[in-house]
Amino acid sequence: MTAGIDTPDRRGRTGLDQVGRHLSGNDDVRVRDVEVLASDWYVLRRTTFDMRHRDGHWSTEQRETYDRGNGATVLLYDVARRTVLLTRQFRFPAYVNGHPDGLLVETAAGLLDDDDPVTAVRREAEEETGHRVGELTHVFDVFMSPGSVTERLHFYAGPYDAGSRTAGGGGLAEEDEDIEVLELDVDEALAAIGTTIVDAKTILLLQWAALSGPFAR
Ligand SMILES: Nc1nc2c(ncn2[C@@H]2O[C@H](COP(=O)(O)OP(=O)(O)O[C@H]3O[C@H](CO)[C@@H](O)[C@H](O)[C@@H]3O)[C@@H](O)[C@H]2O)c(=O)[nH]1
Ligand SMILES: [Mg+2]
């Protein structure tokens, strides 16, 4: 009996070794085995598969994949005041990989957990920024790091103003989240790309907003 495989682990999960075994969309890929290497919080798997190359020969490959589920993110914008509402929070993976203090400026975002993307993005926007988003524009759904991380991130944008504010934001105290809410002039935010704004989802949304979204000229 193994927790997470045939009995629930401490997060209630079973069947963690079944994911990916039955893929059938690509005749040139045959999955042979899935091993769970780690599942303390999210799940790291090693998958062995046969792959037919473009010249016709087959090889056996192994790939590790890190599975945190999927996520959703939203750019909150105010066209009249030309501002965007962002967050700042400590991100250990960025800190350990060269970011000077690990405090990343980001659009509000979170994992879907068991919700659909629209429900999840409304929940995260309110928890993190304290604004209840009304209308939402779907922008695109994107693989953020397709060589190793399974996540597909769902992108949205929606207006905010003084009237959409319901609470202070800042994240969930019970999850120890500590999230600062940051209102920036959109031109200042665009100018900060590559220096103080180095989070991919945030850059994608800011550039979309300037090119074809609410701040397009
Ligand atoms: N105990 C524990 N908690 C964790 C761990 N990893 C994450 N958490 C907690 O899990 C929660 C995740 O918060 P969300 O707001 O749902 O997700 P997110 O980390 O903001 O993710 C968003 O941004 C990511 C980075 O751009 C995106 O990858 C993701 O899709 C989403 O948009 C946070 O409370 C975080 O502290 C862990 O290893 N252990
Ligand atoms: Mg979050």
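Colleague: Which element gives the most residues to the shell around ligand 1?
Modeller: This is a predicted model, where local features need pLDDT of at least 70, side-chain atom pairs count only at pLDDT 80 or more, and totals for chains, interfaces and linings use all residues. Residues are numbered from 1 along each chain as written, and chains are lettered from A and ligands numbered from 1 in written order. E4 and E7 each supply at least two shell residues; strands are DSSP runs (E, at least two residues), helices are runs of H or I (at least four), both numbered from the N terminus. The most, 3 residues, come from E7.

Colleague: How many residues of that shell are charged?
Modeller: The shell includes Trp41, Thr73, Glu124 and Lys201; a residue is near if its C-beta atom, placed from the backbone, lies within 6 Å of the ligand. Asp, Glu, Lys and Arg count as charged; Ala, Val, Leu, Ile, Met, Phe, Trp, Tyr, Cys and Pro as nonpolar; the others, Gly among them, as polar. The shell has 4 nonpolar and 3 polar residues, and the charged ones number 5.

Colleague: Which element supplies the largest share of the largest nonpolar core?
Modeller: A nonpolar core joins buried Ala, Val, Leu, Ile, Met, Phe, Trp, Tyr and Cys residues through C-beta atoms within 7 Å. Buried means 20 or more other C-beta atoms within 10 Å of a residue's own, with C-beta atoms placed from the backbone (exposed: 12 or fewer; partly exposed: in between). This core has 26 residues, with Leu76 among those with the most contacts inside it. The largest share, 5 residues, comes from E4.
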